[in-house]
Amino acid sequence: MPQSVLEIAKDLTLALVETGSLSTDDMQDTLQKTYATLAALKAQEETGSGAVKTPEPTDWRQSITRLAITCMECGQTFKQLSVRHLRQHDLDGRSYRAKYGIPGTQPLLARETLAKQRRIAAEVKPWEKSPTYRQAQKKKAAAKKSGRKKATRKG
């Protein structure tokens, strides 16, 4: 006896949870999206329609979860929406944000990926490796030295 669409969606979602690709917090949302997609595919298969359309989230906030971001163009999920992926839709980050009303300051990353990048940047401090930062530090050190010499001459 073939499985129902709901059973298939449940099995797929549980497999994602078991492999660690999906947290239990996002399980219900993923189950609903998977069921909706499978039901739409089944309906298209029964009617013979060739066009596959995935349901788009109505609000951009729903597309960004703790572990994934869903492309609102094609429905695929990623840890971040890369320039390469957006180029497949003839978009860039700015035009994608404008099309879906996403603020320009909102990163196109899963929340956990963003937090990880911020932790790494805080540890590595890449700005300290830039030539302009190093020059500014040398100028500050030189200014401190010249300030100390002047203070000792007066006293």
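This report walks through the main structural features of the protein shown above.

The structure is a predicted model, in which local features need pLDDT of at least 70 and side-chain atom pairs count only at pLDDT 80 or more, while totals for chains, interfaces and linings use all residues. Residues are numbered from 1 along each chain as its sequence is written, and side-chain values use heavy atoms, with hydrogens and water left out.

## The overall layout

Let's start with the big picture. The protein has 7 helices and 2 strands. Here helices (H or I, at least four residues) and strands (E, at least two) are DSSP runs, numbered from the N terminus. Following the sequence, you meet them in the order α-α-α-β-β-α-α-α-α.

Of the 155 residues, 21% are buried. Buried means under 20% relative accessible area, exposed means over 50%, and partly exposed lies in between (1.4 Å probe, protein chains only). A contact means heavy atoms within 4.5 Å. Among contacts with a separation of 6 or more, 43% come from residues 24 or more positions apart.

Helix α6 is a good one to trace on the model. Its 14 residues reach 20 Å from the first C-alpha to the last, close to the 20 Å expected at 1.5 Å a residue. The expected span is 1.5 Å times one less than the number of residues.

## The nonpolar core

In soluble globular proteins, nonpolar side chains tend to be buried together. Which residues make up the largest nonpolar core here? There are 12 in all: Trp60, Ile64, Ile69, Cys71, Met72, Leu81, Leu86, Leu91, Tyr96, Tyr100, Ile102 and Leu108. Such a core is a set of buried Ala, Val, Leu, Ile, Met, Phe, Trp, Tyr and Cys residues joined through side-chain atoms within 4.5 Å.

Tyr96 is a helpful guide to this core. Leaving out neighbours within four places in sequence, Tyr96 is in contact with Thr70, Cys71, Met72, Glu73, Leu81, Leu86, Leu91, Ile102 and Leu108.

The whole structure holds 1 aromatic pair. The partners are Tyr96 and Tyr100, in a tilted arrangement with 5.2 Å centre to centre and 55° between the planes. For such pairs, rings of Phe, Tyr and Trp (its six-membered ring) must have centres within 6.5 Å; planes under 30 degrees apart count as stacked, over 60 as edge-to-face and the rest as tilted. Both Tyr96 and Tyr100 are buried. Because they sit 4 residues apart in helix α5, about one helical turn separates Tyr96 and Tyr100.

## A buried histidine

His85 belongs to helix α4 (residues 83–88). Is His85 buried or exposed? His85 counts as buried, because its relative accessibility is 6%. Not counting residues up to four places away in sequence, His85 touches Cys71, Cys74, Gln76 and Phe78. A polar contact of 3.2 Å also links the side chains of His85 and His89. A polar contact is a pair of N or O atoms within 3.5 Å; within protein, one must be able to donate a hydrogen and the other to accept it, and residues adjacent in sequence count only if both atoms are side-chain atoms.

## Salt bridges

Side chains of opposite charge can pair when their charged atoms come close. A salt bridge is a side-chain nitrogen of Lys or Arg within 4 Å of a carboxyl oxygen of Asp or Glu. The count by this rule is 4, and the table includes some of them.

| Salt bridge | N to O distance |
|---|---|
| Arg61 and Asp59 | 3.4 Å |
| Glu112 and Arg66 | 2.5 Å |
| Glu73 and Lys99 | 2.5 Å |

Take Glu112 and Arg66: Glu112 lies in helix α6 (residues 111–124) and Arg66 in the loop between α3 (60–63) and β1 (69–70), so the pair ties together parts that are 46 residues apart in sequence. Glu112 is partly exposed at 37% relative accessible area, and Arg66 is partly exposed at 29%.

## Two unusual backbone angles

Most residues other than glycine have a negative phi, and most peptide bonds are trans. Asp90, which is not a glycine, has a positive phi of about 60°. Asp90 sits in the loop between α4 and α5 and is exposed, with a relative accessible area of 72%. Lys125 is not a glycine either, and has a positive phi of about 50°. Lys125 comes just after α6, in the loop between α6 and α7 (131–154), and is partly exposed at 34% relative accessible area.
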